[in-house]
Amino acid sequence: MNTQKIMAFLAVGLLAAWPASGAEMDAKQVTIAAKALGFVTPKASAGAKVVVTAGAAPVAAVQSALSAASVAAGDAGGAAGAFAVFVASADEAKKANGKGTVTVGNDVACVDAGACVIAVETTPKVTIYVSKAAASAAGVDFDPNFKMMITEK
């Protein structure tokens, strides 16, 4: 094999192992995000509406993690009145933003843009990011003890 082919195989292998920005949340991220939603004030009411947009997270994983909520796949623009919306991008989060709606993603850029209230990363370590601006715009806050475990931006 020549050097160019070897380099191409190495590049493909590295890209395959690289976490994709904006990729669908995995079950671990969903579970962590669900626990983070438990620290939001005001608290969600029983049967609260949770919307999962296409490409954001597996709906079944969100249903499992938030069993007391009414979880359904849907569009970010039609998420009015939802307690939480799992989104795949900052653009979707901006469509879903509203008073009392917590937008959740796995792309820190979404939090940096002030579009997502919460973003969860699990590699290289578990980190929960919270946008102060997005939380304020949504009219939500977090339990003070929880704030010690997150990275606010």
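This is a short tour of one protein chain, stop by stop, for you to follow in your viewer. Keep in mind that what you're looking at is a predicted model.

**Stop 1: the whole chain**

Start with everything shown as a cartoon. You should be able to find seven helices and nine strands. The chain has 153 residues, and 39% of them count as buried. Now switch on the surface: about 8,100 Å² is exposed, and 60% of that comes from carbon and sulfur atoms. How much of the contact network joins residues at least 24 apart? Among contacts between residues at least 6 apart in sequence, the share is 49%.

**Stop 2: helix 2**

Select residues 27-37, which make up helix 2. Colour Q29, V30, I32, A33, A34, A36 and L37, and you've marked residues that are buried here. While you look along the helix, here's a handy bit of background: an α-helix has 3.6 residues a turn, so residues three or four places apart point the same way.

Next, add D26 and K28 as sticks. What does D26 do at the N-terminal end of helix 2? D26 caps that end, with a side-chain oxygen 3.1 Å from the backbone nitrogen of K28.

**Stop 3: the disulfide**

Select C110 and C116. They're joined by a disulfide, with 2.0 Å from S to S, and the structure holds one disulfide in total. Is the pair buried or exposed? Both C110 and C116 are buried, so you may want to hide the surface to see them. Look at the twist about the S-S bond too: the torsion is about 75°, so this disulfide is right-handed.

**Stop 4: T53**

Jump to T53, in the loop between strand 2 (49-52) and helix 3 (59-65). Being in a loop doesn't put T53 on the outside here: its relative accessible area is 3%, so T53 counts as buried, the cut-off being under 20%.

Which residues surround T53? Setting aside neighbours within four places in sequence, T53 is in contact with G74, D75, A76, V85, F86, V87, A88 and E92. Pick out E92 from that list: its side chain makes a polar contact of 2.7 Å with the side chain of T53.

**Stop 5: a nonpolar patch**

Bring the surface back and select F39, M148 and M149. Together they make a nonpolar surface patch of about 350 Å². Zoom in on M148, in the loop between helix 7 (144-147) and strand 9 (151-152). Like T53, M148 is in a loop, but M148 is exposed, with a relative accessible area of 68%.

Technical notes: Residues are numbered from 1 along each chain as its sequence is written. This is a predicted model: local features need pLDDT of at least 70, side-chain atom pairs count only at pLDDT 80 or more; totals for chains, interfaces and linings use all residues. Side-chain values use heavy atoms; hydrogens and water are left out. Patches are made of residues with over 30% relative accessible area and no salt bridge: like charges are joined within 9 Å, nonpolar side chains (Val, Leu, Ile, Met, Phe, Trp, Tyr) within 5 Å. Accessible areas come from the Shrake-Rupley method with a 1.4 Å probe; for residues, only the protein chains shown count as cover. A salt bridge is a side-chain nitrogen of Lys or Arg within 4 Å of a carboxyl oxygen of Asp or Glu. Helices (H or I, at least four residues) and strands (E, at least two) are DSSP runs, numbered from the N terminus. Buried means under 20% relative accessible area, exposed over 50%, partly exposed in between (1.4 Å probe, protein chains only). A polar contact is a pair of N or O atoms within 3.5 Å; within protein, one must be able to donate a hydrogen and the other to accept it, and residues adjacent in sequence count only if both atoms are side-chain atoms. Contact means heavy atoms within 4.5 Å. A disulfide is a pair of cysteine sulfur atoms within 2.5 Å.
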